Amino acid sequence: MFKLFLALAFAIGMGSASQAQAELRGPAILTVTGDVANYSRGAMDPDYDKLFDYNGVAFSSAATFDYATLATLSQLSYTTDFPQGKGPHVFEGPLLADVLRLAGVTGTTISLRALDGFTLELPLAELLAKDPILALKRDGAFLGLGDFGPSQLVFARGSRADLNDIDDSNWVWSVFYIDVQ
């Protein structure tokens, strides 16, 4: 009876994570760590997770996303200039808030890291109030490595007066890692 209870408890506990995070169908392009409830991978392994190791990133569990999983979320389209004064371009992707909701994050501070090591750290509520998307496409084409990809934080500058003067450094490109504490 005790073994049945343990098996059921394990299945229920794993079920909540697997319901929120489907199995990846392609390579992970985004890893979310910190206060994550819906994890889909275990600890960072310095022998295999070379990019994380190079960037001094360590974690015990994380939520990971591939393009297909991110595409299951509602996709928004922002027509805006980036960098400021150049464009406009049409960016498409899910709201950052939806990605974080799928990961089951809680916390008050968000840190987004780019492939080149650039890191933006802000209060989570302040960033989410600006409704950024995690763009996967620009002008209909997927963002690739060396082309602002695999994802870019994009704001609806131009259509929201409160975002007209947003600093370009907030538009983190080549986002591969997010940590919420």
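**Reading the predicted model from its N terminus to its loops**

Over residues 1–20 the pLDDT stays under 50, and for this stretch the model has 6 contacts beyond four places in sequence. The structure is a predicted model, and for the chain as a whole the mean pLDDT is 87, with 88% of the residues reaching 70 or more.

With that in mind, the reader may turn to the strands. Four of them form an open sheet in the order β3-β4-β8-β9, and the pairing is antiparallel. The edges of this sheet are taken by β3, which covers 75–80, and by β9, which covers 141–142; each of these has a single partner strand, so one side of each is left without a neighbour in the sheet. Further in, strand β4, made of residues 89–94, is paired with strand β8, made of residues 137–138, in the antiparallel sense and over 2 bridges. At the level of single residues, Phe 91 is placed opposite Arg 138 of β8.

The nonpolar interior comes next. The largest nonpolar core comprises 41 residues, and the members with the most contacts inside it are Leu 30, Val 32, Phe 65, Leu 100, Ile 110 and Ile 178. The element that gives the most to this core is helix α4, residues 96–103, from which 5 residues are drawn. Apart from this, there is a second, separate core of 7 residues, among them Phe 52, Val 57, Phe 59 and Phe 176.

Some details of the backbone deserve a closer look, and two of them belong to the loop between β9 and β10. Phe 148 lies in this loop and has a positive phi of about 70 degrees, although it is not a glycine. Its side of the picture is completed by its accessibility: Phe 148 counts as partly exposed because its relative accessibility is 25%, a value that falls between the limits of 20% for buried and 50% for exposed. The loop between β9 and β10, the latter spanning 152–154, is also the place of Pro 150, and the peptide bond that leads from Gly 149 to Pro 150 is cis, with omega near 15 degrees.

A positive phi is also found at Ser 174, where the angle is about 60 degrees although this residue is not a glycine. Ser 174 sits in the loop between β10 and β11, the latter covering 175–180. With a relative accessibility of 9%, Ser 174 counts as buried, since buried means under 20% relative accessible area.

Notes:
Residues are numbered from 1 along each chain as its sequence is written. This is a predicted model: local features need pLDDT of at least 70, side-chain atom pairs count only at pLDDT 80 or more; totals for chains, interfaces and linings use all residues. Side-chain values use heavy atoms; hydrogens and water are left out. Two strands pair if DSSP finds at least two bridges between them. Helices (H or I, at least four residues) and strands (E, at least two) are DSSP runs, numbered from the N terminus. A nonpolar core is a set of buried Ala, Val, Leu, Ile, Met, Phe, Trp, Tyr and Cys residues joined through side-chain atoms within 4.5 Å. Buried means under 20% relative accessible area, exposed over 50%, partly exposed in between (1.4 Å probe, protein chains only). pLDDT is the predictor's confidence in each residue, from 0 to 100. Contact means heavy atoms within 4.5 Å.
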